[in-house]
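Me: Got a minute to go through a model with me? I'd like to talk about cysteines, aromatic rings and a pocket.

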Amino acid sequence: MREILVTSALPYANGYIHLGHLVEYIQTDIWARAMKAQGHQVTYVCADDAHGTAIMLKAEDNGITPEEQIATVKASHEADFAKFLIEFDNYHTTHSEENKHFSELIYRRLDSAGHISTKDVEQLFDPEKKLFLADRFVKGTCPECAAADQYGDNCEVCGTTYNATELKDPQSTLSGATPVLKTSKHYFFDLPEFSQFLQDWTRTDNRLQSSIVNKLQEWFEAGLASWDISRDAPYFGFQIPDTPSNEPDKYFYVWLDAPVGYMASFKNLCEQRKGTDKALDFDRYWLQENEHKTEVYHFIGKDIVYFHALFWPAMLAGSELRTPTGVFAHGFLMVNGEKMSKSRGTFIKAETYAEYLHPEYLRYYFASKLSDKVEDINLDLEDFMQKVNSDLVGKVVNIASRSAGFLVKKYDGMLTEICAEPRLLEDITKTGDEIAAAYENREFSRAMRLIMQCADKANEYIDDKKPWALAKLEGSEQEVQDVCSVAINIFRQLMVYLAPVLPELTANAKEFLNIDDLSFASRNQWLLGHQIKKFKPLMQRIEEKDVAAMVEASKASLAPAEAPSTSPTAKPAATNTTVANNDNEPTDYISIDDFAKVEMKVAHVLACNYVEGADKLLQFILDVGEAQPRNVFSGIRKFYEPEQLVDKKVICVTNLAPRKMKFGISEGMVLSAGDPKTALVVITLPDQAVVGDLLA
């Protein structure tokens, strides 16, 4: 068993979580869950990045203290992460005693080893706000590639890092004023001293993706620069210790204490668990001598590689602490092939998404797109809807819904003692090794493809065996149970494989399957002679109207609300009325020839199932006396349980044009009577009615 500590980059405590953020937290959560499912001890910690000028100014604008500001945002972040089933072992804050302790410890060790120096620097100062400007509060033109509108620390276009004073045409983002240069004493970490160490560190043990290693090489060739780790008051953060008495206004730059938050959150968790059976030893994870006994992994966005692959390991090595085992970067999120846009409603808050769509839809879609590469991923909303509906509802859940009804109704939910298709099940079980490896290597898109290939095999098997047809053949009872038992076993395997991605769906599936374990090892024990419970719908289809509503709500939530129309020319919507004569009889008649055009036949209900994703429909498999059964959808779900209609004789209109629906092709209409809003009764016929006979 491996001992693994995993983290995601710390979200800044100055705003909401949006879908772009969620790429990283979902990716990390899936990986942590997958590694746990494979039997490893995995601890996942994170925290809010709670320091900096931005937070101080935001609190000032809101008329509250910075402490109140960060507490409110932290609660919001934790609520959003919970909605998306992100399972942190601990979620802390960098504004903590633990973080203060380790930030000071690292600084003092670096200072004692001669890695800290001071010098006077010219710094941009906002003459209107009366404060020195942090890099993020200055924008201008990149001195390297001339890209406009770049922040004061690095260029998002060419990746160059620089000092804010090097920007061309700088402007304060706080006041719009042109900053002035002002001299101040600053503290520096001597990063160039670690150049050789970092070159060796970044190139060994697969710590980084190859594209990141190549990018870092460009920075090594250009030469590393000493890193300014201090900021002047006013500033919200930790004061630098041991400064001269005449320098009480020096604070750690937020990027020094932010990654220390990983250690601090873990330390906080260790203290929480002290004396329990889940106790953790902090030193086993962070002391250099234990570096090869435990593993530490950071999941980050590609825009903060410089801090995590250069500054952070150098700080750790210089203070005699262990360095990360791996740093995994991901790309940015595009929506509909473009940068997220507030005007188009594609800059979507996590909270807004969760109001309209189930978070597991997004978890699956991101998993189907993520790989071990540092590539941007695209959330195509049309593809998103189709993929989730096709893969999860149409393929995976459909396996259970097609098979469970027969087993529960005819065999009290009992699966066969012997597997009728061991080769098929062995093949799908063996595929689990490839899926587990894909998860570990962060090749989630490959894992999803392998899982869907298994689902395809199951559905092909069911289509080939046709249990609904077998069920009406005398003497085929055992074969029906065999087929459905194989299908349920494959479904269980799919739940094992999808558990890291879809924890809520698989938890509900465990209840249906009547099992306690969905670990990767559990797939080797097939469900034989096992009793399942009654199947209940596990996942609804994504409706286009819900996606559209989410997009519209995103526009509204990020823009001023528009006043409702009060136009005096607005007219009420027209209503349809039935035109009747004075005797309340319809004025439109049909002839006997019109009625004769309707072909109605006696139909035998071979199977009746819920339709995943449709809360009004039931799906019928009907024998109407033809070579193949007919598939018919009927909007009577709230009035009947499917098993109430199996084996019944009903009336089917058979000469309606086939209707293509989201759920499949409907090849007729089952007749019923009553009020569709309150009570519909399916018209049934006596047993002696002959299947295929025309009604006349």
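**Cysteines, rings and a pocket**

Reply: Let's start with Cys419, which is buried, at a relative accessible area of 12%. Keep in mind that this is a predicted model.

Me: Why is the sulfur of Cys419 not in a bond with the one in Cys484?

Reply: They're too far apart for that: the closest cysteine sulfur to that of Cys419 is in Cys484, and the gap is 13 Å. A disulfide needs the two sulfur atoms within 2.5 Å.

Me: And what's the nearest cysteine sulfur to Cys454?

Reply: That of Cys419, 14 Å away, and Cys454 is in no disulfide. Cys454 is buried too, with a relative accessible area of 2%.

Me: How many disulfides does the structure hold, then?

Reply: Zero.

Me: OK, switching to rings. How many aromatic pairs are there?

Reply: The count comes to 32. One of them is Trp227 with Phe311, with ring centres 4.0 Å apart and planes at 10°, so that pair is stacked.

Me: Where in the chain do Trp227 and Phe311 sit?

Reply: In distant parts of the chain, 84 residues apart: Trp227 is in strand β10 (residues 227-228) and Phe311 is in helix α9 (residues 305-318). Both residues are buried.

Me: What about Tyr262 and Trp312, how do their rings meet?

Reply: Edge-to-face, at 6.4 Å centre to centre with 70° between the planes. This pair also links distant parts of the chain, with Tyr262 in helix α7 (residues 254-273) and Trp312 in helix α9, 50 residues apart. Tyr262 and Trp312 are both buried.

Me: Which residues form a cluster with Trp227 and Phe311?

Reply: Trp219, Tyr253, Trp255, Tyr306 and Phe307 join those two in one aromatic cluster. Tyr253 has a charge over its ring as well: the charged end of Arg231 sits there, 3.9 Å from the ring centre.

Me: Which ring does the charged end of Lys267 sit over?

Reply: That of Phe282, 5.4 Å from its centre.

Me: Last topic: how much space lies in the second largest pocket?

Reply: About 580 Å³. Its lining has 26 residues, with Asn398, Arg402, Asp463, Gln619 and Asn631 nearest the centre.

Me: Which element gives the most to that lining?

Reply: α12, with seven residues. The elements giving two or more residues are α12 (381-411), α14 (444-465), β18 (600-610), β19 (618-623) and β20 (630-634).

Me: And what's the lining of the second largest pocket like by class?

Reply: A mix of ten nonpolar, eight polar and eight charged residues.

Technical notes
Residues numbered from 1 in each chain as written. Predicted model: local features only at pLDDT ≥ 70, side-chain atom pairs only at ≥ 80, totals over all residues. Heavy atoms only, no water. 1 Å grid on protein atoms, 1.4 Å probe; cavity = no way out; pocket = protein on both sides within 12 Å on 5 of 7 lines; lining within 4 Å. Points joined across faces, edges and corners; volume = space filled by probe spheres on them. Helix = DSSP H or I, 4+ residues; strand = E, 2+ residues; numbered from the N terminus. Nonpolar A, V, L, I, M, F, W, Y, C, P; charged D, E, K, R; others polar. Buried < 20%, exposed > 50% of the residue type's maximum accessible area, 1.4 Å probe, protein only. Phe/Tyr/Trp six-rings, centres within 6.5 Å; stacked < 30°, edge-to-face > 60°. Lys NZ or Arg CZ within 6 Å of the ring centre and 35° of its normal.
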